[in-house]
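Me: Hi! I'd like to go through a protein structure with you. Could you put it up here?

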Amino acid sequence: MEKMVGNMNDREAEEFAAKILRPGERLDDLQLSGYWIIQDPSRFCFGVDAVLLSDFIKVKPGETVLDLGTGTGVIPILLAGKSRGEKFTGLEIQAESVDMARRSVKVNALEERVSIIQGDVKEAAAIFKPAFFDVITTNPPYMINEHGLKNIGDARTIARHEVLCSLDDILRESAKLLPESKGRFYMVHKPFRLAEIMTKMCEYKIEPKRIRFVHPYVDKEPTMVLIEGMKGGKSRVRVEPPIILHNK
């Protein structure tokens with residue numbers, strides 16, 4: 001806990017964690033720049049998809065970034081450690097996740113670079129206008145609807161299923177908040193929805209520019225796809241070499 005704990009001994013560090021954590025929460029080491037993140041295993045913890053997305057995203061010095069549906073703020077915090085972007089903003093609708101994300105920002109002393117806003121992705125343009133963002137990122141719900149779900153208000157359900165926002169909502173609002181030229185959009189999603197994703201990106205004039213598939217093993221089909229789009233970009237897409245997560 002370098003950012004807030006400094007040179008505390010183990011006992012002092014434990015006491016500090018006890019003050020900042022709520023019941024059921026834990027403080028996880030992000031293995032990056034001494035950063036930590038607060039998570040609650042009973043709700044939803046970030047996965048490898050968020051880490052891969054943060055590696056795929058390109059943020060130039062001085063740029064501003066908006067992460068839609070930020071959850072506990074892992075992507076803004078990772079990007080703050082990996083880039084020289086000026087300002088990172090996370091938008092999240094769930095109050096509990098917003099609270100955890102804000103405390104994680106404080107733990108890492110990132111208040112001047114990272115802000116967490118509570119709000120609905122479907123109203124993102126209204127929340128942030130007249131501002132524009134150089135980069136918009138998202139690790140959205142992958143599943144199309146709530147079919148068969150028993151508790152649509154559960155945090156894990158909201159993270160995995162399009163209960164509170166849809167792919168169309170994300171792309172519509174992103175198109176409104178990106179500048180007319182060279183504003184960039186980054187997303188991780190499931191390959192089975194790739195045709196829909198690319199169609200909708202083009203519909204909102206966010207031209208697909210880079211695609212990279214993620215495979216669990218070299219001989220298995222991809223389970224994730226990383227996508228970069230450019231607002232008002234020309235029609236030309238590059239498929240990058242795949243990421244293979246595991247050896248046999």
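Me: Thanks! What percentage of the 248 residues of the protein chain count as buried?
Reply: 50% of them count as buried, where buried means under 20% relative accessible area with a 1.4 Å probe, protein chains only.

Me: Good to know. Anything to keep in mind about the model and the numbering?
Reply: This is a predicted model, where local features need pLDDT of at least 70, side-chain atom pairs count only at pLDDT 80 or more, and totals for chains, interfaces and linings use all residues. Residues are numbered from 1 along each chain as its sequence is written, and side-chain values use heavy atoms, with hydrogens and water left out.

Me: How many helices and strands does the protein chain have?
Reply: There are nine helices and eleven strands; these are DSSP runs numbered from the N terminus, with helices (H or I) of at least four residues and strands (E) of at least two.

Me: Which residues of strand 6 are buried on its two faces?
Reply: Strand 6 (residues 135-138) has V135 and T137 buried on one side, and I136 and T138 buried on the other.

Me: And which strand pairs with strand 6 over four bridges, with V65 as a bridge partner?
Reply: That's strand 3 (residues 64-68), in the parallel sense, and V65 has V135 as its bridge partner. Pairing takes at least two DSSP bridges between two strands. Strand 7 (residues 184-189) also pairs with strand 6 in the parallel sense over four bridges, and there M187 is the partner of T138.

Me: New topic: what is I57 in contact with, leaving aside its neighbours within four places in sequence?
Reply: I57 touches I75, L79, V135, T137 and Y186, with contact meaning heavy atoms within 4.5 Å.
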